[in-house]
Amino acid sequence: MTKIAVVIGSVREGRVTDKLAKWVAKEVAKVADVETLDLKDYPMPFFNEPIPPRYNPNRDLAPETKKWVEKMSSFEGYVIVTPEYNRSFPGVLKNALEMLDNGVVNKPVALVGHGSSGGAQAIASLRISLPGNGFVTLPNALFFKDSVGEAIDDDGIINAELQEGPMSPQNQLNDLATTLVKYAEALKTIQ
Ligand SMILES: Cc1cc2nc3c(=O)[nH]c(=O)nc-3n(C[C@H](O)[C@H](O)[C@H](O)COP(=O)(O)O)c2cc1C
């Protein structure tokens, strides 16, 4: 099965993005081999390298950064689940993206955002930023407008009313997951 990473974009105390990611991972696991990556497990320093990692094969990396970069390279596609902070995505996620090397080039990313406008500006900011790493972003994305805390339970199950109808978050996620796998398989031919 296609190897997909679900990345939790927040490390905040009391965060809810991990709950949203749990639902996402559960659904993506129906069509792919899924692992959830928590940036809390990769406490990296701030990026301070002299040149962009993509042009620097002989980098000397901190152990946590090396672990993150190698882990990310091992997947064939990604879902980034992000909150919106100050009309963009969290700085901790930007720092983590800065570290990546050619191991993610021409690999697809599906975006799931949440916030008062469904994380619209976080997703828009990621769409600008991710091609810099060489990622390919999917045309569709999931803008989760409901309160994550109320809509999803601790087991990652979404409320029944959000599972019904063609425009429901559940249906949109199913579509996003199957599209991501198709992109991952197709893009393998140009990696
Ligand atoms: C520093 C900060 C800035 C925020 N800025 C925005 C924003 O610009 N737009 C928005 O819709 N929500 C904003 N929010 C609300 C977050 O999207 C909301 O708290 C969400 O639950 C954060 O995800 P997390 O709980 O996983 O950290 C902000 C929250 C924080 C902590």
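This is a short dialogue on reading a predicted model.

Trainee: Where should I start with the inside of this model? Which residues of the largest nonpolar core touch the most other members?

Mentor: Good place to begin! In soluble globular proteins, nonpolar side chains tend to be buried together. Here the largest nonpolar core has 52 residues, and Ile 4, Val 6, Val 24, Val 79 and Val 81 touch the most other members. Helix 6 (residues 169-187) contributes the most to this core, with seven residues.

Trainee: Let me follow one of those. What is Val 79 in contact with, leaving aside its neighbours within four places in sequence?

Mentor: Its contacts are Ile 4, Val 6, Val 24, Val 28, Ala 110, Val 112 and Leu 180.

Trainee: How do I read a strand, then? Which residues of strand 4 are buried on each side?

Mentor: In a regular strand the side chains alternate between the two faces of the sheet. For strand 4 (residues 108-114), Pro 108, Ala 110, Val 112 and His 114 are buried on one side, and Val 109, Leu 111 and Gly 113 on the other. That is seven of its seven residues. Strand 4 runs parallel to strand 3, joined by six bridges; Tyr 78, for instance, has Val 109 as its bridge partner.

Trainee: And a helix? Why do the buried residues of helix 3 line one face?

Mentor: In helix 3 (residues 91-98), Leu 93, Ala 96 and Leu 97 are buried. Seen down the helix axis, they fall within an arc of 100°, so they line one face. They pack against helix 2 (63-73), strand 3 (77-83) and helix 4 (120-129).

Trainee: Finally, how many residues surround the ligand?

Mentor: There are 13, and the closest are Ser 10, Arg 15, Thr 17, Pro 83 and Gly 115. By type, the shell comprises three nonpolar, six polar and four charged residues.

Notes
Residues are numbered from 1 along each chain as its sequence is written. This is a predicted model: local features need pLDDT of at least 70, side-chain atom pairs count only at pLDDT 80 or more; totals for chains, interfaces and linings use all residues. A nonpolar core is a set of buried Ala, Val, Leu, Ile, Met, Phe, Trp, Tyr and Cys residues joined through C-beta atoms within 7 Å. A residue is buried if 20 or more other C-beta atoms lie within 10 Å of its own, exposed if 12 or fewer, and partly exposed in between; C-beta atoms are placed from the backbone. Helices (H or I, at least four residues) and strands (E, at least two) are DSSP runs, numbered from the N terminus. Two residues are in contact if their C-beta atoms, placed from the backbone, lie within 7 Å. A residue is near a molecule or strand if its C-beta atom, placed from the backbone, lies within 6 Å of it. Ala, Val, Leu, Ile, Met, Phe, Trp, Tyr, Cys and Pro count as nonpolar, Asp, Glu, Lys and Arg as charged, and the others, Gly among them, as polar. The arc is that of the directions from the helix axis to the C-beta atoms. Two strands pair if DSSP finds at least two bridges between them.
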